[in-house]
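Thank you for making the time this morning. Please take a moment with the sequence and the model on the screen, and then I will walk through them one part at a time.

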Amino acid sequence: MSETLDRSLLPVRKLYTGEEIPCVGLGTFGSDKYGAEQVSQAVYGAIRYGYRLIDCAAVYQNEDSIGEVLQRVMQEGAVERKELFVTSKVWNDMHGEGKVLESCRKSLQDLRLDYLDLYFVHWPFPNYHAPGCSGDSRNPDSRPFSVEEFMATWRQCEELVDKGLVRYIGMSNMTIPKLEAVLPLCRIQPAALEMELHPSFQQKELFAYALEHNILPIGYCPIGSPSRPERDRTEEDVADTELPAVLAAAEAHGVHPAIICLKWAVQRGQVPIPFSVKENQYISNLKSAAEDPLTEEEMKAIEAEDKNCRLIKGQVFLWEGAKDWEDLWDVEGVITTC
Ligand SMILES: NC(=O)c1ccc[n+]([C@@H]2O[C@H](COP(=O)([O-])OP(=O)(O)OC[C@H]3O[C@@H](n4cnc5c(N)ncnc54)[C@H](OP(=O)(O)O)[C@@H]3O)[C@@H](O)[C@H]2O)c1
């Protein structure tokens, strides 16, 4: 591939410091379907094409392979470190005292980087489950959200900033009640909130809350994660690429419905991080932000397709005594504590 996108055509997003970051990133969770080698080859091709934001995580079990291609692409002079915006995340089994630093150092070593641009607390619980476990598996040590425990983890993240190992820190899979409880306690505010966002799951209140607090929403599963594992599927799930307003816009613009989901995301103001190992897909995914925007009517029609359809329910993180997966998401408007 020799094609490269003219990056000046892409909109940018701003962090609370005023620093600009890319409006689209590349997801790297290969799920049960794509191995580390395939994902890292996509990272290589994507950076060569013009991606600058790469969304990584220790639990995706591919940071070592991604590190090899990051090193290669920089050695080849295709990009400089300071042009890239690389994220990673501390997994749930590494929240304890001293563990966050250990986890961050491991990600840095695997990714062959001196610093990360943004480091997330992947889930706001220390509730561990093995990668790839079945949807009904439960860990007896799991427990509900605790402000004290979360803040102890966050303090460790703040220290990573102090040490110069990460430039920004972020939260993921949060709710408004949890944010209300922890934001006033933060010495360093979260720069971004990674959250599930796609046309059938728009999280309007949380999205607005993040923007009001100068926290940039980064949207995962932006295409509705059509390749997600079986354990993350239920009969009620809606396919975003089959929503009437998405299909109508896809026909009008002559593109795949996935591209419409991404255009909607970028125009709404979140940073989508679509995953793909297929060159034609990841090229068109980034290009979608550079050309042929949706009309106001199309944006409104897609806005009306919200179905409150959460795909990543997180049920494997439930604790004994919890009713069901909705307990993880504080649907009653208060933190679920038992
Ligand atoms: N913070 C968190 O807790 C969290 C949770 C989940 C995900 N994430 C992040 O978000 C990223 C994205 O989420 P995701 O991978 O679940 O879902 P996604 O990006 O919504 O869906 C990815 C899938 O969509 C299909 N696709 C991609 N581009 C396409 C195109 N142009 N045309 C048609 N189909 C296309 C591909 O399916 P095929 O491969 O079948 O072609 C691809 O595997 C992850 O990789 C990860 O980095 C974070």
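How many bridges join S3 to strand S4, residues 53-55? There are 3 bridges between S3 and S4, and these two strands run parallel. Before going further I should say that what we are looking at is a predicted model, and the values I quote are computed from it.

Let me begin with the sheet, since the pair I just described belongs to it. The sheet is an open one of 8 strands, in the order S3-S4-S5-S6-S7-S8-S9-S10, and its pairing is parallel. Strand S3, at 25-27, and strand S10, at 271-272, stand at the edges with a single partner strand each, so one side of each is left without a neighbour in the sheet. Where S3 meets S4, Gly27 stands opposite Asp55 of S4.

Moving along from S4, we find that S4 and S5 also pair in the parallel sense, again over 3 bridges, and here Ile54 stands opposite Val86 in S5. S5 itself is mostly covered, with 6 of its 6 residues buried. If you look at the two directions in which its residues point, Phe85, Thr87 and Lys89 go one way while Val86, Ser88 and Val90 go the other, and all of them are buried.

Further along the order is S9, residues 216-220, where 5 of the 5 residues are buried, so this strand is largely enclosed by the rest of the structure. Both of its faces are covered, with Leu216, Ile218 and Tyr220 on one side and Pro217 and Gly219 on the other. Strand S8, residues 192-196, is joined to S9 by 5 bridges, and the two run parallel; in this pair Ala192 stands opposite Leu216 of S9.

Now to the helices, starting with the one that lies on the strands. Helix H3 lies across strand S5 (85-90), strand S6 (116-121) and strand S7 (166-172), and its direction is at about 140 degrees to S5. H3 also packs against another helix: the axes of H2, residues 63-75, and H3, residues 99-111, come within 6 Å and cross at roughly 45 degrees. That angle makes H2 oblique to H3. On the H2 side the contact is made by Glu63, Asp64, Ile66, Gly67 and Leu70, and on the H3 side by Ser107, Asp110 and Leu111. Sorted by class, the residues of this contact are 3 nonpolar, 2 polar and 3 charged.

A second helix pair can be set beside that one. The axes of H7, residues 244-253, and H8 come within 8 Å and cross at roughly 100 degrees, and H7 and H8 are therefore roughly perpendicular to each other. Here Val246, Leu247, Ala249, Ala250 and His253 in H7 meet Pro257, Ile260 and Cys261 in H8, and the contact has 7 nonpolar residues, 1 polar residue and no charged ones.

H8 brings us to the ligand. Which helices each supply at least two residues of the shell around the ligand? They are H8, at 257-268, and H9, at 279-287, and H9 gives the most to that shell, with 3 residues. There are 29 residues around the ligand, and those that come nearest are Gly27, Tyr220, Ile223, Ser225 and Phe275. You have already met two of these names, as Gly27 is the residue opposite Asp55 in S4 and Tyr220 is one of the buried residues of S9. By class, the shell divides into 12 nonpolar, 13 polar and 4 charged residues.

Ser225 deserves a second look, for its backbone. It lies in the loop between S9 and H7, and Ser225 has a positive phi of about 45 degrees although it is not a glycine. Is Ser225 buried or exposed? With 23 C-beta neighbours inside 10 Å, Ser225 counts as buried. Arg112, in the loop between H3 and S6, has a positive phi as well, near 55 degrees, in a residue other than glycine; with 16 C-beta neighbours inside 10 Å, however, Arg112 counts as partly exposed.

I will finish with Gly333, which lies in the segment after helix H10, at 296-303. Gly333 counts as exposed, having 9 C-beta neighbours inside 10 Å. Gly333 and Ile176 are 157 residues apart in sequence, and from C-alpha to C-alpha they are 7.8 Å apart in space.

Technical notes. Residues are numbered from 1 along each chain as its sequence is written. This is a predicted model: local features need pLDDT of at least 70, side-chain atom pairs count only at pLDDT 80 or more; totals for chains, interfaces and linings use all residues. Axes are lines fitted to C-alpha atoms, for helices over the stretch in contact, and angles run from 0 to 180 degrees between N-to-C directions. Helices (H or I, at least four residues) and strands (E, at least two) are DSSP runs, numbered from the N terminus. Angles under 35 degrees count as roughly parallel, over 145 as roughly antiparallel, 65 to 115 as roughly perpendicular and the rest as oblique. Two residues are in contact if their C-beta atoms, placed from the backbone, lie within 7 Å. Ala, Val, Leu, Ile, Met, Phe, Trp, Tyr, Cys and Pro count as nonpolar, Asp, Glu, Lys and Arg as charged, and the others, Gly among them, as polar. Two strands pair if DSSP finds at least two bridges between them. A residue is near a molecule or strand if its C-beta atom, placed from the backbone, lies within 6 Å of it. A residue is buried if 20 or more other C-beta atoms lie within 10 Å of its own, exposed if 12 or fewer, and partly exposed in between; C-beta atoms are placed from the backbone.
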